[in-house]
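Trainee: I am new to this one. Please give me a close look at a single part, the nonpolar core, and then place it in its surroundings.

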Amino acid sequence: MSLSPELLKILVCPKSKAPLEYYAGPPEVLVCRESRLVYSVQDGIPVMLIDEAQPLDDAKYPPTA
């Protein structure tokens, strides 16, 4: 399941308010480079809770152009 482009345009990191990068996966995630956090997407719903985010691993989620 993919997130809609309209939703991706308005979503920001709850910690830094920076834009997010979408990775279709698996697993489907949203990445914040500024906060260095990875937010999961479960059943097409982004889990935007700072306490549930994982630390960013650049090897696993390399920067997009």
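Mentor: Start with one term: contact means heavy atoms within 4.5 Å. Leaving aside neighbours within four places in sequence, Leu3 is in contact with Leu8, Tyr22, Glu28, Leu30, Val41, Gly44 and Pro46. That is our way in. Keep in mind that this is a predicted model, where local features need pLDDT of at least 70, side-chain atom pairs need 80 or more, and totals for chains, interfaces and linings use all residues. Numbering runs from 1 along each chain as its sequence is written, and side-chain values use heavy atoms, without hydrogens or water.

Next, the frame. The protein chain has 1 helix and 5 strands, which are DSSP runs (helices H or I, at least four residues; strands E, at least two) numbered from the N terminus. Along the sequence, their pattern is α-β-β-β-β-β. The C-alpha trace spans about 25 × 25 × 20 Å along its principal axes. Mean pLDDT, the predictor's confidence in each residue from 0 to 100, is 92 for the chain. In all, 97% of residues reach 70 or more. Confidence is lowest in helix H1 (residues 5-10), at a mean of 91. It is highest in S5, at 98.

Back to Leu3. Leu3 sits in the segment before H1. Its relative accessible area is 5%, so Leu3 is buried; that word covers values under 20%, while exposed means over 50% and partly exposed the range in between (1.4 Å probe, protein chains only). Of the 65 residues in the chain, 35% are buried. Leu3 is not beside everything, though. The C-alpha atoms of Leu3 and Gln54 are 19 Å apart, with their positions 51 residues apart along the chain.

Now the core itself. A nonpolar core is a set of buried Ala, Val, Leu, Ile, Met, Phe, Trp, Tyr and Cys residues joined through side-chain atoms within 4.5 Å. The largest one has 11 residues: Leu3, Leu11, Cys13, Ala18, Leu20, Leu30, Cys32, Leu37, Tyr39, Val41 and Ala53. Strand S2 (29-32) and strand S3 (37-42) each supply at least two of them. S3 gives the most, with 3 residues. In soluble globular proteins, nonpolar side chains tend to be buried together.

Look at Leu20 inside this core. Not counting residues up to four places away in sequence, Leu20 touches Leu11, Val12, Cys13, Leu30, Val31, Cys32, Tyr39 and Met48. Apart from this core lies another, of 6 residues, among them Tyr23, Val29, Val38 and Tyr61.

Two of those names deserve a stop. The structure holds 1 aromatic pair. Tyr23 and Tyr61 form it, edge-to-face, at 5.2 Å centre to centre with 65° between the planes. Rings of Phe, Tyr and Trp (its six-membered ring) pair if their centres lie within 6.5 Å; planes under 30 degrees apart are stacked, over 60 edge-to-face, the rest tilted. The pair links distant parts of the chain, 38 residues apart. Tyr23 is in strand S1 (residues 21-23), and Tyr61 is in the segment after strand S5 (54-55). Tyr23 counts as buried because its relative accessibility is 15%. Tyr61 counts as buried at 9%.

Move out to the loops. Lys15 is in the loop between H1 and S1 and is exposed, at 53%. Beyond four places in sequence, Lys15 still touches Leu37 and Tyr39, along with Ser35 and Ile50. The C-alpha atoms of Lys15 and Ser35 are separated by 6.9 Å, although their positions lie 20 residues apart. Glu34, in the loop between S2 and S3, is exposed at 59%. Outside its sequence neighbours within four places, Glu34 is in contact with Ser16 and Ala18. Its C-alpha atom is 9.0 Å from that of Lys17, 17 residues away along the chain.

Lys17 has its own backbone feature. It lies in the loop between H1 and S1 and has a positive phi of about 70° although it is not a glycine. Lys17 is exposed, at 56%. Asp43, in the loop between S3 and strand S4 (45-46), has a positive phi of about 55°. Asp43 is exposed, at 72%. Cis bonds come next. One joins Gly25 and Pro26, with omega about 5°. Another joins Pro26 and Pro27, with omega about -10°. Pro26 is in the loop between S1 and S2, and the place of Pro27 is in the loop between S1 and S2. Most residues other than glycine have a negative phi, and most peptide bonds are trans.
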